[in-house]
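Me: I've got a model open and I'd like to learn how to read it feature by feature. Could you walk me through it?

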Amino acid sequence: MSSVGSSYSQIIHPKDYNQIMSHEHLYIPASDRFIAKKIRELIASSSEVIELGCGPARILSLVSKIEGINLTGIDLDSQFIDYARTFIKRTNVQIINADATKYVHHKEVDIFYSQGFHHHFPKGINTSNYLRNVYDNLKYGGYYILSDEFIPNYADEKEREIKIVIWYSHIIAHAIKHNFNYLAQEEAKTLLDDLFEGRINKNIKSQEQIEFVLSNVKSIDQSARIGKLDMASKLAEEFLSAIEVLHNFTFHGDAAMDLSRGDYKICDQAFRKEIQSTDFRIEDVKTFGPLKTIGAMSVYILRKR
Ligand SMILES: C[S@@+](CC[C@H](N)C(=O)[O-])C[C@H]1O[C@@H](n2cnc3c(N)ncnc32)[C@H](O)[C@@H]1O
């Protein structure tokens with residue numbers, strides 16, 4: 001699974017990214033507000049707070065208004081960072097182009113937080129290295145508020161693919177219903193990227209595959225929403241077979257099509273195993289969405305002990 005690295009801004013313009021995530025996604029806005037609320041509850045005066053993978057400063061703008069906060073946003077993508085600096089002018093915010101795996105803050109940190117960041121990290125050593133770096137930069141008793149998309153528990157990669165199809169169908173069907181066409185297209189591409197990230201022989205997305213996604217999500221989501229999960233899984237399996245037939249290995253010369261967004265979404269069980277290998281304790285979890293059946297945004301409150 002590849003990291004997004006400095007390529008995300010080649011795939012999507014920062015302004016479009018902020019619009020679809022902050023105003024159109026089914027569950028992200030509620031989890032953004034929860035992160036800000038939680039930080040407000042946890043901080044004392046003059047707290048050092050860092051957002052990992054801040055992107056074009058969507059959440060920095062929300063969190064920077066909290067009184068007594070010294071806020072730092074870090075991201076690998078220099079174009080997102082440039083946009084973030086023009087977007088936020090408050091003196092209590094600094095925005096830094098850095099890698100979350102290596103970044104060392106000049107002071108002990110009270111709170112780290114991230115949104116939609118964890119699933120971009122390649123599994124194994126890369127994930128442990130970044131979690132270790134967060135842990136080392138925190139003061140004792142400090143927090144890492146980690147918010148991301150999670151799918152229901154699965155036993156293996158084949159089952160993960162089925163659950164991934166059901167989750168993205170839910171998000172895309174909602175976008176189509178509300179005429180959020182750009183978001184629907186973007187999530188259709190992300191679904192394909194997420195499937196291919198888990199495979200050895202990686203496909204390159206094609207227009208046929210994207211159209212196939214857009215025309216199939218409604219029926220998959222309808223079954224899942226009314227609790228017919230066996231039917232939703234059957235439809236997802238048929239969907240996966242059809243995507244195979246539409247396979248493509250040819251580049252288009254368009255970054256939005258050729259580059260992977262690097263998404264690889266996991267379940268609560270897999271995440272807990274990653275956390276078990278660190279010294280963090282999971283203090284609380286708040287979910288937005290039907291996690292057990294379809295998927296959700298989950299916000300984990302991790303504490304350094
Ligand atoms: C899906 S975006 C989320 C942006 C932001 N958190 C939000 O919710 O709007 C993921 C971000 O993580 C950044 N990223 C990925 N790997 C990184 C790393 N190792 N260090 C810092 N940033 C990273 C990407 O450049 C991208 O901007």
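Reply: Below we go through confidence, domains, helix packing and the ligand shell.

Me: Where do I start with confidence, and what is the mean pLDDT of the protein chain?

Reply: Start with the overall value, then look for weak stretches. This is a predicted model. The protein chain has a mean pLDDT of 94, with 98% of its residues at 70 or more. The stretch to treat separately is residues 1-6, where the pLDDT is below 50. Beyond near neighbours in sequence, residues 1-6 have 19 contacts in the model.

Me: Next, the domains. How is the protein chain divided?

Reply: Check whether each domain is one run of sequence or several. Here domain 1 takes in 8-151 + 266-304, and domain 2 covers 157-258. Their C-alpha centres are 26 Å apart.

Me: And how many residues does each domain give to the contact?

Reply: Domain 1 gives 12 residues and domain 2 gives 17. On the domain 1 side, α1 (8-11) and α2 (14-24) each contribute at least two residues, and α2 has the largest share, with three. Sorted by class, that side of domain 1 has six nonpolar, four polar and two charged residues.

Me: Now helix pairs. At what angle do α7 and α8 pack?

Reply: Read the angle together with the axis distance. Helix α7 (residues 157-177) and helix α8 (residues 181-197) pack at about 175°, and their axes are 9 Å apart. An angle over 145 degrees counts as roughly antiparallel, so that is how α7 and α8 run relative to each other. From α7, the contact includes Tyr168, Ile171 and Ile172; among the α8 partners are Leu183, Ala188 and Leu191. By class the contact has 11 nonpolar, no polar and three charged residues.

Me: Let me try the other pair. Why are α9 and α10 described as roughly antiparallel?

Reply: Same reading of the angle. Helix α9 (residues 207-225) and helix α10 (residues 229-245) meet at about 170°, with axes 8 Å apart, and they are therefore roughly antiparallel. Phe212, Asn216 and Ile220 are among the α9 residues in the contact, while α10 brings residues including Leu235, Phe239 and Ile243. This contact has 11 nonpolar, four polar and no charged residues.

Me: Last one: the ligand. Which residues are closest to it?

Reply: With a ligand, look at who surrounds it, then at the elements and classes involved. The ligand is surrounded by 21 residues, the closest being Gly53, Gly55, Asp77, Ala100 and Gln115. Both α4 (58-63) and β2 (69-75) supply at least two residues of the shell. In class terms, the shell divides into 10 nonpolar, seven polar and four charged residues.

Notes:
Residues are numbered from 1 along each chain as its sequence is written. This is a predicted model: local features need pLDDT of at least 70, side-chain atom pairs count only at pLDDT 80 or more; totals for chains, interfaces and linings use all residues. Axes are lines fitted to C-alpha atoms, for helices over the stretch in contact, and angles run from 0 to 180 degrees between N-to-C directions. Helices (H or I, at least four residues) and strands (E, at least two) are DSSP runs, numbered from the N terminus. Angles under 35 degrees count as roughly parallel, over 145 as roughly antiparallel, 65 to 115 as roughly perpendicular and the rest as oblique. Two residues are in contact if their C-beta atoms, placed from the backbone, lie within 7 Å. Ala, Val, Leu, Ile, Met, Phe, Trp, Tyr, Cys and Pro count as nonpolar, Asp, Glu, Lys and Arg as charged, and the others, Gly among them, as polar. A residue is near a molecule or strand if its C-beta atom, placed from the backbone, lies within 6 Å of it. Domain bounds come from an automatic or database domain assignment. pLDDT is the predictor's confidence in each residue, from 0 to 100.
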